[in-house]
Amino acid sequence: MRTVNHWTPDDIPDQTGRTALITGGNGGIGLETARALARHGARVILAGRSRTKLDQAAEAVRAATPQARTDTLVLDLSDLASVRDAATRIAETETVDLLFNNAGVMNLPERRTTRDGLEMTVGTNHLGHFAFNAQVWPAVRRASAPRVVTVSAIAARWPMGRLDDLMSEKSYRPMGAYAKSKRANIVYALELARRTAGSTVEALVVHPGSAMTNLQQHGTGALSRMVTPIAARLLMGSAEGAAWPSLYAATSPYARTGQFIGPAGRDQTSGIPKPARLPPGADGPAEGRRLWTASEQLTGAAFDLEAEAAL
């Protein structure tokens, strides 16, 4: 598969006439993704929990690109009723060319559950997105060449990210739950790519490297307060740079369905986006089927993929 040796957001093709919907679009990587796409002509729909933060983010996009077309969508991925309401609005009225599963939570110190009784980290980072994608699917299928980009993380490679005990009912570790959710992001995206093979839909998954974003707000304790500023200076890049894999996956003619894209720099913390090494077994069809079935059962949401199956 051909890749490029040099790429920046300046290489994004004209996106005029395309609509991008970005979960977690009110800050961090999501906001930087929105800024770049708006600069290249896309209409952006920023989705998030806080109406105030969404309005502020939309203003920030328009401040950078005065002609930008922005809309906002109140969406709480930890509440399946909110997911259903937001998805219904989009499914009935929109065409979504680029769907970014970007929002997430990280490092919750104690096991918490969503309003629907799901473990909060996996429930938000994976299951909320699964349900939203399933219910917003009619809007995606209206697009002529849609791409679904799911944002994972390097943590998906950690051994603690195995998908047994998905809801962390036997034991809970903050970063273990996060690693599970990020592996689930990969397994889901690759299974979606298999289930839509032969259609116009392209499903990709990315990891952003390391960057200081809103996710770090959940770190607690003296060690976290000491380590995070040091890591920010020495290891982590900017949210702007961390958005590059998402932007490449969504817009590059060299990106293809089923790919895992990450920064190619040292330790994959930053650099030009390129295909990355998958966690062992994450591309296994059996694991993909198991997670898909579990996700349908836990959320009550199901994709209508009859159009893809008929091709």
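Modeller: Welcome! Before we look at helix pairs, one definition: a helix axis is a line fitted to C-alpha atoms over the stretch in contact, and the angle between two axes runs from 0 to 180 degrees between their N-to-C directions. Please also keep in mind that this is a predicted model.

Colleague: Thanks! What makes α3 and α4 count as roughly parallel to each other?

Modeller: They pack at an angle of about 20°, and their axes are 8 Å apart. Angles under 35 degrees count as roughly parallel, and therefore α3 and α4 get that description. The crossing of α3 past α4 is right-handed.

Colleague: Which residues make the contact between α3 and α4?

Modeller: From α3 there are Leu80, Val83, Arg84, Ala86, Ala87, Ile90 and Ala91. From α4, the partners are Gly128, Ala131, Phe132, Gln135, Val136, Pro138 and Ala139.

Colleague: Why are α1 and α8 called oblique to each other?

Modeller: Helix α1, residues 28-39, and helix α8, residues 244-251, pack at an angle of about 45° with axes 9 Å apart. Under 35 degrees would be roughly parallel, and roughly perpendicular runs from 65 to 115. An angle of about 45° falls in neither range, so the pair is oblique. Their crossing is right-handed, and the contact is made by Thr33, Ala36 and Leu37 of α1 with Ser246, Leu247 and Thr251 of α8.

Colleague: How do you know that α8 is largely enclosed by the rest of the structure?

Modeller: Seven of its eight residues are buried, so α8 is described that way. Those buried residues are Pro245, Ser246, Leu247, Tyr248, Ala249, Ala250 and Thr251.

Colleague: What makes Val206 a buried residue?

Modeller: Its relative accessible area is 1%. Buried means under 20%, so Val206 qualifies. Val206 lies in strand β6, and several of its contacts are in α8: Pro245, Ser246 and Ala249 are among the residues that Val206 touches. Others include Val149, Val151, Phe260 and Ile261. The C-alpha atoms of Val206 and Ala153 are 7.4 Å apart, although the two residues are 53 apart in sequence.

Colleague: And why is Asn125 called buried?

Modeller: With a relative accessible area of 1%, set against the limit of under 20%, Asn125 counts as buried. Asn125 sits in helix α4. Apart from neighbours within four places in sequence, Asn125 is in contact with Ala103, Gly104, Val105, Tyr178, Ser181, Lys182 and Asn185. Asn185 is 60 residues away along the chain, yet the two C-alpha atoms are separated by 7.6 Å.

Colleague: How do you know that Ser78 is buried?

Modeller: The value for Ser78 is 12%. That is still under 20%, so Ser78 is buried. Ser78 is placed in the loop between β3 and α3.

Colleague: What makes the pairing of Ser78 with Asp76 a polar contact?

Modeller: Their side chains come to 2.6 Å, and the limit for such a pair of N or O atoms is within 3.5 Å. Ser78 also touches Thr114, Arg115, Asp116, Met120 and Thr124, leaving out residues up to four places away in sequence.

Colleague: Where does the largest nonpolar core get its residues?

Modeller: β2, α3, α4, α5, β6 and α9 each supply at least two. The largest share, 10 residues, comes from α4. Of the 49 residues in this core, Leu21, Phe132 and Phe303 touch the most other members. Phe132 is also one of the residues through which α4 contacts α3. Leu21 touches Phe132 too, and its other contacts include Ile45, Leu73, Ile90 and Phe100. A second, separate core of 32 residues includes Ile29, Val149, Val151 and Leu204.

Colleague: What makes Asn107 and Asp165 stand out?

Modeller: Most residues other than glycine have a negative phi. Asn107 has a positive phi of about 60°, and for Asp165 the value is near 55°, also positive. Asn107 is in the loop between β4 and α4, while Asp165 lies in the loop between β5 and α5.

Colleague: How many helices and strands does the chain have?

Modeller: The chain has 10 helices and eight strands. Of its 311 residues, 56% count as buried.

Technical notes. Residues are numbered from 1 along each chain as its sequence is written. This is a predicted model: local features need pLDDT of at least 70, side-chain atom pairs count only at pLDDT 80 or more; totals for chains, interfaces and linings use all residues. Side-chain values use heavy atoms; hydrogens and water are left out. A nonpolar core is a set of buried Ala, Val, Leu, Ile, Met, Phe, Trp, Tyr and Cys residues joined through side-chain atoms within 4.5 Å. Buried means under 20% relative accessible area, exposed over 50%, partly exposed in between (1.4 Å probe, protein chains only). Helices (H or I, at least four residues) and strands (E, at least two) are DSSP runs, numbered from the N terminus. Contact means heavy atoms within 4.5 Å. A polar contact is a pair of N or O atoms within 3.5 Å; within protein, one must be able to donate a hydrogen and the other to accept it, and residues adjacent in sequence count only if both atoms are side-chain atoms. Angles under 35 degrees count as roughly parallel, over 145 as roughly antiparallel, 65 to 115 as roughly perpendicular and the rest as oblique. A crossing is left-handed if the near helix is turned anticlockwise from the far one by less than a right angle, and right-handed if clockwise.
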